[in-house]
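Please read the following points with the sequence and the model side by side. They move from how the chain is folded to how its charged side chains are placed.

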Amino acid sequence: MSIKVFKGLESLVDVGGGTGTTAKVIAKSFPQLKCIVFDLPHVVANLQGTKNFEYVSGDMFEAIPSADCIMLKNVLQDWNKEESIKILDKCKQAIPSHGKVVIIEIVMEHKPEDETAIGGEQYLLFDMIMMTFVTGKERSEKEWANLILSSGFNNYKITPTSGLLSIIEVYP
């Protein structure tokens with residue numbers, strides 16, 4: 001993950017962050033950054049934070065704690081378009097006008113003519129898993145753009161990583 005995504009931020013909320021594995025790495029790398037892991041009460045119950053790292057319980061469909069940056073890592077893939085728009089709306093309400101939402105998810109590549117493309121079969125496998133076990137799906141760049149713009153955001157930037165995940169920065 002590119003560290004420049006988090007430069008200059010004062011606060012970050014990792015929505016659906018579980019026990020905080022990703023947020024702990026970010027908090028350690030950016031000691032000035034206040035990190036919150038936001039998840040359901042039974043997930044974060046009895047977990048202990050640190051100086052710049054804390055756990056907050058709640059429901060992302062109700063409200064998300066305010067921060068410069070809201071991070072969603074492998075969250076929206078679990079939800080259909082309507083539910084994802086609700087989550088993104090809560091994210092938009094939680095960030096200031098200069099803030100952003102960072103989505104870390106697979107961006108499906110539709111290049112069937114290139115069977116040697118990295119991740120081709122894995123993309124298909126993950127999409128099938130999403131369709132089988134949850135209401136969500138893996139999305140193409142066009143589907144991400146549609147979802148982001150339908151949620152009232154004005155701009156976004158997709159940065160592929162060396163693996164299957166991409167970093168999608170979303171701006172109000």
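1. Strand 1, helix 1 and strand 2 together make a right-handed β-α-β unit. The model is a predicted one, and every point in this note should be read with that in mind. Strand 1 covers residues 11-15, helix 1 covers residues 21-29, and strand 2 covers residues 34-39. The two strands of the unit run parallel and are joined by five bridges. As an example of the pairing, L12 has C35 in strand 2 as its bridge partner.

2. Helix 1 has a covered side and an open side. Which residues of helix 1 are buried? They are T22, A23, I26 and A27. These residues lie on the same side of helix 1, because they cover an arc of only 130° around the axis. The spacing follows a general rule: an α-helix has 3.6 residues a turn, so residues three or four places apart point the same way. On the other side of helix 1, T21, V25 and K28 are exposed.

3. The buried residues of helix 1 pack against four strands, namely strand 1, strand 2, strand 3 and strand 4. Strand 4 spans residues 69-73. The student may wish to locate these strands in the model before turning to the next point.

4. Strand 2 also pairs with strand 3, which spans residues 53-57. This pairing is in the parallel sense and runs over five bridges. I36, for instance, has E54 in strand 3 as its bridge partner. Strand 2 is mostly covered, with five of its six residues buried.

5. A salt bridge also connects strand 2 with strand 3. K34 pairs with E54, and their closest N and O atoms are 3.4 Å apart. The two residues are 20 residues apart, K34 in strand 2 and E54 in strand 3, and the pair thus links distant parts of the chain. Are these partners buried or exposed? K34 counts as partly exposed because its relative accessibility is 41%, and E54 counts as partly exposed because its value is 31%. E54 therefore appears twice in this note: as a salt-bridge partner of K34 and as the bridge partner of I36.

6. D14, in strand 1, deserves separate attention. This residue is buried yet has no salt bridge. How far away is the nearest side chain of opposite charge? That side chain belongs to K73, and the distance is 7.7 Å. A salt bridge requires a nitrogen and an oxygen within 4 Å, so the pair does not qualify. Leaving aside residues up to four places away in sequence, D14 touches T22, A23, I36, V37, F38 and M71. Among these contacts, T22 and A23 are buried residues of helix 1.

7. A further group of strands pairs in the antiparallel sense. Strand 5 and strand 8 do so over six bridges, and V101 stands opposite V170 in strand 8. Strand 7 and strand 8 are likewise antiparallel, over six bridges, with I158 having I168 in strand 8 as its bridge partner. Strand 7 and strand 8 form a hairpin with four residues between them. Strand 8 is mostly covered, as five of its seven residues are buried.

8. How many salt bridges does the structure hold? It holds three. Apart from the pair in point 5, there is one between K100 and E169, with an N to O distance of 2.8 Å. This pair joins distant parts of the chain, K100 in strand 5 and E169 in strand 8, 69 residues apart. K100 is buried because its relative accessible area is 11%, and E169 is buried because its relative accessible area is 6%.

9. E169 has another partner as well. K157 forms a salt bridge with E169, and the closest N and O atoms are 3.6 Å apart. K157 lies in strand 7 and E169 in strand 8, 12 residues apart. K157 is partly exposed because its relative accessible area is 42%. K100, K157 and E169 are thereby linked in a network of salt bridges. In general terms, side chains of opposite charge can pair when their charged atoms come close.

Definitions and conventions: Residues numbered from 1 in each chain as written. Predicted model: local features only at pLDDT ≥ 70, side-chain atom pairs only at ≥ 80, totals over all residues. Heavy atoms only, no water. Buried < 20%, exposed > 50% of the residue type's maximum accessible area, 1.4 Å probe, protein only. Lys, Arg positive; Asp, Glu negative; His and termini not counted. Contact = heavy atoms within 4.5 Å. Arc of directions from axis to C-beta. Pairing = 2+ DSSP bridges. Right-handed = clockwise from strand over helix to strand, strands pointing away.
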